[in-house]
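Here's a quick briefing to read with the model open in your viewer. We'll start in the core and work outwards to the chain as a whole.

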Amino acid sequence: MDMTAYTTTKDTLGFYDATNAAGRVLALGPDALDLLHRMSTNDLRPLFGNPGKGAQTVLTSDKGRIIDLLTVIVRKSDTLLTLSAGREDLVIKWLDKFVIMENASFVSATKEIAQFGIYGPRSMDLLKQYTSENLMTMTPLSSVAIEIAGAEVLLQKVTRIAESGWSLFVQADDADKVKQTLQSDVLAMRGAILDDQTFELLRIEAGIPAAPNEINEKHNPLETTLVSAVSFTKGCYIGQEVIARLDSYDKVQRHMLGIMLDGVSATSLEELSSEITGSGQPAVTFKLETAAGEVVGELTSFIDAPTMNGMSQDRVIGLAFVRTAHANPGLRLNLRATADKIYSAELVKLPFESSLA
(Lines give C-alpha, C1' and ligand atoms only; values in the text may rest on other atoms or scores of the structure.)
Protein backbone atom coordinates (compact mmCIF):
# COMPACT_ATOMS: atom_id res chain seq x y z
CA MET A 1 0.00 0.00 0.00
CA ASP A 2 1.21 3.48 -0.89
CA MET A 3 0.31 5.78 2.01
CA THR A 4 1.74 8.78 0.19
CA ALA A 5 -0.65 8.12 -2.71
CA TYR A 6 -3.50 7.73 -0.19
CA THR A 7 -2.78 11.07 1.47
CA THR A 8 -2.24 12.81 -1.87
CA THR A 9 -5.57 11.54 -3.21
CA LYS A 10 -7.39 12.70 -0.08
CA ASP A 11 -5.76 16.14 -0.32
CA THR A 12 -5.64 16.57 -4.09
CA LEU A 13 -6.56 13.80 -6.53
CA GLY A 14 -5.64 10.31 -7.65
CA PHE A 15 -5.93 8.06 -10.71
CA TYR A 16 -6.91 4.39 -10.54
CA ASP A 17 -7.00 1.83 -13.34
CA ALA A 18 -10.20 -0.05 -12.46
CA THR A 19 -10.24 -2.15 -15.65
CA ASN A 20 -9.56 -5.41 -13.80
CA ALA A 21 -11.39 -4.39 -10.62
CA ALA A 22 -14.85 -4.46 -12.20
CA GLY A 23 -16.81 -6.22 -14.91
CA ARG A 24 -18.76 -4.62 -17.76
CA VAL A 25 -21.78 -5.91 -19.66
CA LEU A 26 -23.74 -4.39 -22.53
CA ALA A 27 -27.54 -4.54 -22.36
CA LEU A 28 -28.75 -4.57 -25.97
CA GLY A 29 -32.16 -4.29 -27.58
CA PRO A 30 -35.19 -2.01 -27.03
CA ASP A 31 -36.52 -4.12 -24.15
CA ALA A 32 -33.27 -4.58 -22.21
CA LEU A 33 -33.68 -1.67 -19.82
CA ASP A 34 -37.31 -2.55 -19.10
CA LEU A 35 -36.24 -6.12 -18.30
CA LEU A 36 -33.59 -4.80 -15.90
CA HIS A 37 -36.23 -2.65 -14.26
CA ARG A 38 -38.49 -5.66 -13.73
CA MET A 39 -35.71 -7.94 -12.48
CA SER A 40 -33.91 -5.65 -10.01
CA THR A 41 -34.52 -3.61 -6.88
CA ASN A 42 -34.50 -0.02 -8.14
CA ASP A 43 -37.01 1.96 -10.18
CA LEU A 44 -35.26 2.39 -13.54
CA ARG A 45 -38.18 4.02 -15.35
CA PRO A 46 -36.64 7.53 -15.09
CA LEU A 47 -33.81 6.18 -17.26
CA PHE A 48 -36.08 5.09 -20.13
CA GLY A 49 -35.24 7.09 -23.25
CA ASN A 50 -32.81 9.31 -21.35
CA PRO A 51 -29.19 8.83 -22.47
CA GLY A 52 -26.84 10.19 -19.85
CA LYS A 53 -28.97 9.02 -16.92
CA GLY A 54 -27.73 6.35 -14.54
CA ALA A 55 -28.65 4.43 -11.41
CA GLN A 56 -27.57 1.61 -9.17
CA THR A 57 -29.74 -1.44 -8.73
CA VAL A 58 -29.37 -4.90 -7.22
CA LEU A 59 -30.15 -8.29 -8.68
CA THR A 60 -31.58 -10.42 -5.89
CA SER A 61 -32.55 -14.07 -5.55
CA ASP A 62 -36.07 -15.22 -4.69
CA LYS A 63 -34.91 -15.10 -1.05
CA GLY A 64 -33.96 -11.45 -1.40
CA ARG A 65 -30.23 -12.18 -1.26
CA ILE A 66 -27.71 -10.25 -3.35
CA ILE A 67 -26.62 -11.74 -6.68
CA ASP A 68 -24.76 -8.59 -7.69
CA LEU A 69 -24.83 -4.81 -7.66
CA LEU A 70 -25.25 -3.18 -11.08
CA THR A 71 -24.46 0.38 -12.05
CA VAL A 72 -26.65 1.20 -15.03
CA ILE A 73 -25.46 3.78 -17.57
CA VAL A 74 -27.84 4.65 -20.41
CA ARG A 75 -26.11 5.53 -23.68
CA LYS A 76 -27.56 6.55 -27.04
CA SER A 77 -27.60 3.07 -28.60
CA ASP A 78 -27.30 0.71 -25.62
CA THR A 79 -26.99 0.46 -21.85
CA LEU A 80 -23.67 -0.17 -20.13
CA LEU A 81 -23.67 -2.12 -16.88
CA THR A 82 -20.78 -2.23 -14.44
CA LEU A 83 -20.69 -5.08 -11.94
CA SER A 84 -18.35 -7.07 -9.75
CA ALA A 85 -15.21 -8.43 -11.37
CA GLY A 86 -15.59 -11.97 -12.66
CA ARG A 87 -19.38 -12.03 -12.36
CA GLU A 88 -20.22 -11.28 -15.98
CA ASP A 89 -21.27 -14.86 -16.80
CA LEU A 90 -23.28 -15.16 -13.59
CA VAL A 91 -25.21 -11.94 -14.27
CA ILE A 92 -25.74 -12.70 -17.97
CA LYS A 93 -27.05 -16.20 -17.26
CA TRP A 94 -29.37 -14.86 -14.54
CA LEU A 95 -30.86 -12.19 -16.83
CA ASP A 96 -31.06 -14.53 -19.83
CA LYS A 97 -33.35 -16.83 -17.82
CA PHE A 98 -36.03 -14.15 -17.88
CA VAL A 99 -35.79 -13.18 -21.54
CA ILE A 100 -38.90 -14.73 -23.08
CA MET A 101 -40.55 -12.55 -25.69
CA GLU A 102 -38.39 -9.48 -25.06
CA ASN A 103 -36.01 -8.07 -27.64
CA ALA A 104 -33.09 -8.00 -25.23
CA SER A 105 -29.65 -9.55 -24.90
CA PHE A 106 -26.69 -9.19 -22.57
CA VAL A 107 -23.05 -9.60 -23.60
CA SER A 108 -19.78 -9.22 -21.75
CA ALA A 109 -17.82 -6.08 -22.65
CA THR A 110 -15.08 -6.32 -20.01
CA LYS A 111 -12.34 -6.93 -22.56
CA GLU A 112 -13.67 -4.38 -25.03
CA ILE A 113 -14.09 -1.44 -22.62
CA ALA A 114 -11.47 -0.15 -20.17
CA GLN A 115 -12.46 1.59 -16.93
CA PHE A 116 -10.55 4.24 -14.97
CA GLY A 117 -11.28 6.24 -11.84
CA ILE A 118 -10.42 9.79 -10.81
CA TYR A 119 -10.89 10.68 -7.14
CA GLY A 120 -10.19 13.53 -4.77
CA PRO A 121 -11.18 17.16 -4.10
CA ARG A 122 -9.44 18.45 -7.24
CA SER A 123 -10.79 15.78 -9.59
CA MET A 124 -13.26 18.19 -11.18
CA ASP A 125 -10.45 20.71 -11.82
CA LEU A 126 -8.68 18.03 -13.82
CA LEU A 127 -11.72 16.75 -15.72
CA LYS A 128 -13.22 20.09 -16.77
CA GLN A 129 -10.32 20.64 -19.18
CA TYR A 130 -11.69 17.78 -21.29
CA THR A 131 -15.25 19.10 -21.71
CA SER A 132 -17.34 22.24 -21.89
CA GLU A 133 -20.10 20.55 -19.88
CA ASN A 134 -20.82 21.97 -16.43
CA LEU A 135 -19.66 19.08 -14.26
CA MET A 136 -20.90 20.86 -11.13
CA THR A 137 -24.51 20.34 -12.17
CA MET A 138 -24.20 16.64 -12.94
CA THR A 139 -26.35 14.44 -10.73
CA PRO A 140 -24.89 11.29 -9.12
CA LEU A 141 -24.49 8.39 -11.59
CA SER A 142 -25.23 10.56 -14.63
CA SER A 143 -22.75 10.55 -17.50
CA VAL A 144 -21.49 12.69 -20.36
CA ALA A 145 -19.34 12.03 -23.43
CA ILE A 146 -15.97 13.81 -23.37
CA GLU A 147 -12.79 13.62 -25.44
CA ILE A 148 -9.33 12.74 -24.14
CA ALA A 149 -6.28 12.31 -26.40
CA GLY A 150 -8.58 12.28 -29.42
CA ALA A 151 -10.64 9.38 -28.06
CA GLU A 152 -14.28 9.39 -27.02
CA VAL A 153 -14.62 8.73 -23.30
CA LEU A 154 -17.75 8.29 -21.19
CA LEU A 155 -17.44 10.19 -17.91
CA GLN A 156 -19.73 9.20 -15.04
CA LYS A 157 -20.15 10.79 -11.62
CA VAL A 158 -20.00 7.99 -9.06
CA THR A 159 -19.92 7.24 -5.34
CA ARG A 160 -17.98 9.70 -3.25
CA ILE A 161 -14.45 8.45 -2.64
CA ALA A 162 -11.95 10.89 -1.17
CA GLU A 163 -14.61 13.64 -1.47
CA SER A 164 -15.35 13.20 -5.18
CA GLY A 165 -15.44 10.21 -7.53
CA TRP A 166 -15.63 9.77 -11.31
CA SER A 167 -15.51 6.73 -13.59
CA LEU A 168 -14.26 6.91 -17.16
CA PHE A 169 -14.98 4.32 -19.86
CA VAL A 170 -13.10 4.03 -23.13
CA GLN A 171 -12.77 1.45 -25.89
CA ALA A 172 -9.85 -0.90 -25.26
CA ASP A 173 -8.08 0.19 -28.47
CA ASP A 174 -7.83 3.74 -27.09
CA ALA A 175 -7.23 2.79 -23.46
CA ASP A 176 -3.43 3.13 -23.39
CA LYS A 177 -3.29 6.66 -24.78
CA VAL A 178 -6.14 7.83 -22.57
CA LYS A 179 -4.53 6.26 -19.52
CA GLN A 180 -1.17 7.85 -20.28
CA THR A 181 -2.78 11.26 -20.77
CA LEU A 182 -4.77 11.04 -17.55
CA GLN A 183 -1.80 9.86 -15.53
CA SER A 184 0.41 12.60 -16.92
CA ASP A 185 -2.19 15.27 -16.17
CA VAL A 186 -2.82 13.91 -12.66
CA LEU A 187 0.90 13.97 -11.85
CA ALA A 188 1.19 17.48 -13.31
CA MET A 189 -1.39 18.57 -10.72
CA ARG A 190 0.68 16.84 -7.99
CA GLY A 191 -1.81 14.02 -7.79
CA ALA A 192 -1.11 10.32 -7.30
CA ILE A 193 -1.42 6.98 -9.09
CA LEU A 194 -3.29 4.47 -6.94
CA ASP A 195 -2.50 0.78 -6.67
CA ASP A 196 -5.09 -1.86 -5.80
CA GLN A 197 -4.34 -1.91 -2.06
CA THR A 198 -4.52 1.86 -1.72
CA PHE A 199 -7.85 1.92 -3.55
CA GLU A 200 -9.06 -0.84 -1.24
CA LEU A 201 -8.31 1.41 1.73
CA LEU A 202 -10.34 4.22 0.13
CA ARG A 203 -13.21 1.79 -0.59
CA ILE A 204 -13.38 0.49 2.96
CA GLU A 205 -13.05 3.99 4.39
CA ALA A 206 -15.99 5.12 2.22
CA GLY A 207 -18.09 2.14 3.37
CA ILE A 208 -18.60 0.70 -0.11
CA PRO A 209 -19.45 -3.04 -0.14
CA ALA A 210 -17.65 -5.26 -2.65
CA ALA A 211 -17.82 -8.84 -3.87
CA PRO A 212 -17.30 -11.42 -2.63
CA ASN A 213 -16.82 -10.10 0.91
CA GLU A 214 -19.99 -8.03 1.34
CA ILE A 215 -21.83 -8.53 -1.94
CA ASN A 216 -22.89 -12.15 -1.90
CA GLU A 217 -25.93 -14.39 -1.45
CA LYS A 218 -25.45 -14.42 2.30
CA HIS A 219 -26.76 -10.85 2.59
CA ASN A 220 -29.70 -8.79 1.41
CA PRO A 221 -29.35 -5.14 0.22
CA LEU A 222 -30.98 -3.71 3.35
CA GLU A 223 -28.13 -5.06 5.47
CA THR A 224 -25.59 -3.07 3.49
CA THR A 225 -25.12 0.57 2.43
CA LEU A 226 -27.09 -0.16 -0.77
CA VAL A 227 -30.49 0.95 0.52
CA SER A 228 -30.54 3.83 -1.99
CA ALA A 229 -30.50 1.20 -4.75
CA VAL A 230 -33.80 -0.24 -3.50
CA SER A 231 -37.21 1.21 -4.42
CA PHE A 232 -40.07 0.49 -2.02
CA THR A 233 -42.73 1.86 -4.37
CA LYS A 234 -42.06 0.07 -7.66
CA GLY A 235 -43.76 -3.11 -8.80
CA CYS A 236 -42.64 -6.67 -8.31
CA TYR A 237 -39.15 -8.01 -8.97
CA ILE A 238 -37.38 -11.21 -7.98
CA GLY A 239 -37.01 -11.13 -4.18
CA GLN A 240 -39.32 -8.10 -3.74
CA GLU A 241 -41.70 -9.80 -1.31
CA VAL A 242 -38.91 -10.74 1.06
CA ILE A 243 -37.26 -7.32 0.97
CA ALA A 244 -40.58 -5.50 1.42
CA ARG A 245 -41.45 -7.70 4.39
CA LEU A 246 -38.06 -7.09 6.02
CA ASP A 247 -38.59 -3.34 5.66
CA SER A 248 -42.26 -3.22 6.67
CA TYR A 249 -41.82 -5.31 9.79
CA ASP A 250 -38.38 -3.95 10.71
CA LYS A 251 -36.90 -7.45 10.47
CA VAL A 252 -33.46 -6.66 9.03
CA GLN A 253 -31.28 -8.97 11.11
CA ARG A 254 -27.84 -7.47 10.46
CA HIS A 255 -26.28 -4.17 9.46
CA MET A 256 -22.96 -3.36 7.84
CA LEU A 257 -20.80 -1.08 9.95
CA GLY A 258 -17.20 0.04 10.08
CA ILE A 259 -14.84 -1.49 12.59
CA MET A 260 -11.53 -0.39 14.12
CA LEU A 261 -9.00 -2.70 15.77
CA ASP A 262 -5.87 -1.66 17.63
CA GLY A 263 -2.81 -3.75 18.38
CA VAL A 264 -2.93 -5.83 15.20
CA SER A 265 -1.95 -5.42 11.55
CA ALA A 266 -3.76 -6.55 8.45
CA THR A 267 -0.81 -8.79 7.61
CA SER A 268 -1.22 -10.60 10.93
CA LEU A 269 -4.92 -11.08 10.33
CA GLU A 270 -4.31 -12.35 6.80
CA GLU A 271 -1.91 -14.94 8.16
CA LEU A 272 -4.57 -16.06 10.62
CA SER A 273 -7.52 -15.95 8.24
CA SER A 274 -9.07 -19.05 6.76
CA GLU A 275 -9.85 -18.47 3.10
CA ILE A 276 -13.26 -19.71 1.99
CA THR A 277 -13.58 -20.65 -1.64
CA GLY A 278 -16.82 -21.04 -3.54
CA SER A 279 -19.14 -18.70 -5.38
CA GLY A 280 -20.85 -16.03 -3.32
CA GLN A 281 -18.99 -16.59 -0.07
CA PRO A 282 -16.98 -13.98 1.87
CA ALA A 283 -13.20 -14.32 1.75
CA VAL A 284 -12.71 -13.95 5.51
CA THR A 285 -14.94 -14.85 8.42
CA PHE A 286 -13.51 -13.59 11.69
CA LYS A 287 -16.25 -13.71 14.32
CA LEU A 288 -17.26 -10.76 16.52
CA GLU A 289 -18.29 -11.58 20.06
CA THR A 290 -19.65 -9.81 23.11
CA ALA A 291 -17.69 -9.90 26.36
CA ALA A 292 -19.85 -12.86 27.34
CA GLY A 293 -18.72 -14.78 24.26
CA GLU A 294 -21.94 -14.47 22.23
CA VAL A 295 -21.24 -14.33 18.47
CA VAL A 296 -23.01 -11.25 17.10
CA GLY A 297 -21.26 -10.59 13.80
CA GLU A 298 -18.36 -11.15 11.46
CA LEU A 299 -15.57 -9.15 9.88
CA THR A 300 -15.71 -9.27 6.08
CA SER A 301 -13.05 -6.78 4.83
CA PHE A 302 -10.02 -5.33 6.59
CA ILE A 303 -6.91 -3.31 5.84
CA ASP A 304 -4.21 -1.36 7.68
CA ALA A 305 -5.49 2.04 8.75
CA PRO A 306 -3.66 5.27 7.90
CA THR A 307 -1.29 6.50 10.60
CA MET A 308 -2.64 9.69 12.14
CA ASN A 309 -2.95 11.58 15.40
CA GLY A 310 0.25 9.98 16.61
CA MET A 311 -1.24 6.49 16.59
CA SER A 312 0.86 3.47 15.67
CA GLN A 313 0.40 1.59 12.42
CA ASP A 314 -0.76 -1.53 14.32
CA ARG A 315 -4.33 -0.49 13.64
CA VAL A 316 -6.85 -1.97 11.25
CA ILE A 317 -10.12 -0.71 9.80
CA GLY A 318 -12.68 -2.91 8.14
CA LEU A 319 -16.29 -3.67 7.33
CA ALA A 320 -18.43 -5.99 9.39
CA PHE A 321 -21.96 -7.33 9.57
CA VAL A 322 -23.40 -7.11 13.07
CA ARG A 323 -26.73 -8.25 14.48
CA THR A 324 -29.19 -5.37 14.61
CA ALA A 325 -29.41 -5.39 18.42
CA HIS A 326 -25.66 -4.79 18.64
CA ALA A 327 -25.16 -2.60 15.55
CA ASN A 328 -24.39 0.54 17.53
CA PRO A 329 -21.42 2.79 16.64
CA GLY A 330 -19.11 3.09 19.61
CA LEU A 331 -19.92 -0.40 20.92
CA ARG A 332 -16.84 -2.47 21.71
CA LEU A 333 -16.75 -6.14 20.76
CA ASN A 334 -14.10 -8.83 20.67
CA LEU A 335 -12.77 -10.13 17.38
CA ARG A 336 -11.79 -13.77 17.68
CA ALA A 337 -8.99 -14.50 15.23
CA THR A 338 -8.18 -17.93 16.65
CA ALA A 339 -9.12 -19.84 19.77
CA ASP A 340 -6.44 -18.00 21.75
CA LYS A 341 -6.09 -14.72 19.81
CA ILE A 342 -8.72 -12.10 20.59
CA TYR A 343 -8.57 -8.40 19.70
CA SER A 344 -10.67 -5.51 20.97
CA ALA A 345 -12.79 -3.90 18.25
CA GLU A 346 -14.92 -0.76 18.10
CA LEU A 347 -17.91 -0.37 15.79
CA VAL A 348 -17.90 2.80 13.67
CA LYS A 349 -20.54 4.61 11.64
CA LEU A 350 -19.90 4.60 7.90
CA PRO A 351 -18.24 6.27 6.10
CA PHE A 352 -15.04 6.33 8.14
CA GLU A 353 -13.86 9.81 7.17
CA SER A 354 -15.16 11.63 10.21
CA SER A 355 -13.93 8.88 12.52
CA LEU A 356 -10.36 8.86 11.19
CA ALA A 357 -9.87 12.62 11.04
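This is a predicted model, and its largest nonpolar core is built from 25 residues. Phe116, Ile118, Leu168 and Leu182 are the ones with the most contacts inside that core.

**The cores**

- Six elements give two or more residues each to the largest core: the strands β7 (113–119), β8 (143–148), β9 (151–157) and β10 (165–171), plus the helices α4 (123–127) and α5 (172–188).
- The top contributor is α5, which puts in four residues.
- Leu168 is a good place to click: leaving aside residues up to four places away in sequence, Leu168 touches Ala114, Gln115, Phe116, Gly117 and Ile118, and also Leu127, Ile146, Ile148, Val153, Leu154, Leu155 and Leu182.
- There's also a second, separate core of 24 residues, with Tyr119, Leu194, Ala305 and Val348 among them.

**Two enclosed helices**

- Helix α2 (residues 32–39) is largely enclosed by the rest of the structure, because six of its eight residues are buried.
- Those buried α2 residues are Ala32, Leu33, Leu35, Leu36, His37 and Met39.
- What covers them? The cover over the buried part of α2 includes the strands β2 (22–28), β3 (54–60), β4 (66–74), β5 (79–84) and β6 (105–108), along with helix α3 (88–96).
- Helix α6 (residues 196–206) gets similar treatment: eight of its eleven residues are buried, so α6 too is largely enclosed by the rest of the structure.
- Charged residues turn up in the buried set of α6, which has Arg203 and Glu205 next to Thr198, Phe199, Leu201, Leu202, Ile204 and Ala206.
- Right after α6 comes Gly207, with a positive phi near 75 degrees.

**The chain as a whole**

- In secondary structure, the protein chain has nine helices and 17 strands.
- The radius of gyration is 21 Å, which agrees with the value near 21 Å that a compact globule of 357 residues would have.
- Along its principal axes, the C-alpha trace spans about 60 × 50 × 35 Å.
- Of the 357 residues, 54% count as buried.
- If you take contacts with a separation of 6 or more, 67% of them join residues 24 or more positions apart.

**Surface and charge**

- The accessible surface of the protein chain is about 16,000 Å², and carbon and sulfur atoms account for 48% of that.
- On the charge side, there are 33 positive and 45 negative side chains, and the centres of these two sets sit 4 Å apart.

Methods
Residues numbered from 1 in each chain as written. Predicted model: local features only at pLDDT ≥ 70, side-chain atom pairs only at ≥ 80, totals over all residues. Heavy atoms only, no water. Core = buried A, V, L, I, M, F, W, Y, C linked by side-chain atoms within 4.5 Å. Buried < 20%, exposed > 50% of the residue type's maximum accessible area, 1.4 Å probe, protein only. Contact = heavy atoms within 4.5 Å. Rg over C-alpha atoms; globule rule 2.2 N^0.38 Å. Areas by Shrake-Rupley, 256 points an atom, 1.4 Å probe, with all protein chains shown as cover. Charge placed at Lys NZ, Arg CZ, Asp CG, Glu CD.
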